[in-house]
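Please open the model in a viewer and keep the sequence panel at hand. The tour proceeds by successive selections.

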Amino acid sequence: MTADKGYAFVESTKYPNITTPGQKQGLPQPPFELPLEPGAPLIDLPQPAEIDLGKTDLRTAIESRVTRRHYSEVPLTLEELSHLLWLTQGVKFIDDKRAVPLRTVPSAGCRHPFETYLSINRVAGLEAGLYRYMGSTHQLVALRLDTGFNAQLAEACQNQRHVTTSAVTFIWAAVPYRTVWRYSERSYRYLYLDAGHVCQNLYLAAESINCGVCAIGAYDDDAVDGLLGFTPPESFAIYLASLGRVS
Ligand SMILES: Cc1cc2nc3c(=O)[nH]c(=O)nc-3n(C[C@H](O)[C@H](O)[C@H](O)COP(=O)(O)O)c2cc1C
């Protein structure tokens, strides 16, 4: 039965079956964010406290949320992108004692095992290409300024059209050791649970500013990892989502 393969994961991550985590072995805590790529240009994002995009009642946002795959050609503003990044992975403060970030989403053990990459297609003031979000400083790092990047990403996502037409596609990479350091193999459950919270925040944040989102689980893992330079098992694409202004 094919389900056996899936349940083997659950079985192997039950408490009696996991190994002693790095933290208990006295190994050093890994950094909560990847270091800056040397020489990569940094872009300041508008500060969240200064952004006023109106207010939407939470119940209205939840009730009106649907997956949207058709986007307008009107670009997103940098304020809107800043708002979306803030509400999905923004760092509210860093707990210096524990050396962990408190973000706008929950994460098992506050391990926050993700890096956020963006395939920018239509955001006013930003060239098309691949960027990474630095939550610690609320900045973007430009990694690959290339108008052809998004088409390659769409191909790696089974040619889903909404990736091609998105204003921006979010790519969340898991860096498992941040969580594995504390919870060993059981962490792999938490990675996927944590990722769900992030994408749900994106859905609701988008809904509140008249944008739409389509979560993406159907992608070629090796193609996306290869395209973004991830190095499984140390880092790999865990979830994606296309986004654009509602047409
Ligand atoms: C984990 C996950 C993966 C998904 N992957 C895709 C996808 O690859 N392509 C797509 O078009 N929709 C994808 N969706 C969107 C679902 O099809 C959609 O949420 C579902 O049909 C329910 O519709 P609603 O979101 O409008 O309520 C995904 C949703 C989730 C939660």
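Begin with the ligand of this predicted model. Select Val66, Thr67, Arg69, Gln160, Cys214, Ala215, Ile216, Gly217 and Ala218, which surround the ligand. Colour this shell by residue type: five of its residues are nonpolar, three are polar and one is charged.

Next, display the sheet. Seven strands form an open sheet with antiparallel pairing, in the order E1-E6-E5-E4-E7-E9-E8. Which strands stand at the edges? They are E1 and E8 (211–216); each has a single partner strand, so one side of each is left without a neighbour in the sheet. Viewed across the sheet, neighbouring strands are turned against each other by 30° on average, direction ignored.

Now follow the sheet inward from E1. Select residues 42–44 for strand E1 and residues 139–145 for strand E6; the two run antiparallel and are joined by three bridges. Within this pair, Asp44 of E1 stands opposite Gln139 in E6.

Add strand E5, residues 129–134, which pairs with E6 in the antiparallel sense over six bridges. Tyr131 can serve as a marker here, with Ala142 as its bridge partner in E6. Then move to the hairpin of E5 and E6, where four residues lie between the strands. Select His138 in this hairpin and inspect its backbone: phi is positive, near 55°.

Move on to strand E7 (residues 168–174) and strand E9 (residues 236–245). Seven bridges join these antiparallel strands. Centre the view on Trp172, whose bridge partner in E9 is Tyr239.

Two helices that lie across the strands come next. Select residues 78–89 to show helix H3, which lies across E4 (114–120), E5 and E7. The direction of H3 is at about 160° to that of E4. Then select residues 221–228, helix H8, which lies across E4, E7 and E9 and runs at about 80° to E9.

Finally, turn to the interior. How many residues does the largest nonpolar core contain? There are 59, and Ala173, Leu202 and Ala241 touch the most other members. Helix H7, residues 187–207, gives the most to this core, contributing nine residues. Select Leu202 and display its contacts: leaving aside residues up to four places away in sequence, Leu202 touches Leu84, Thr88, Phe170, Val213, Ala241 and Leu243. One of these contacts, Ala241, is also among the residues that touch the most other core members.

Key:
Residues numbered from 1 in each chain as written. Predicted model: local features only at pLDDT ≥ 70, side-chain atom pairs only at ≥ 80, totals over all residues. Near = placed C-beta within 6 Å. Nonpolar A, V, L, I, M, F, W, Y, C, P; charged D, E, K, R; others polar. Core = buried A, V, L, I, M, F, W, Y, C linked by C-beta atoms within 7 Å. Buried ≥ 20, exposed ≤ 12 C-beta atoms within 10 Å, placed from the backbone. Contact = placed C-beta atoms within 7 Å. Pairing = 2+ DSSP bridges. Axes fitted to C-alpha atoms, helices over the stretch in contact; angles between N-to-C directions.
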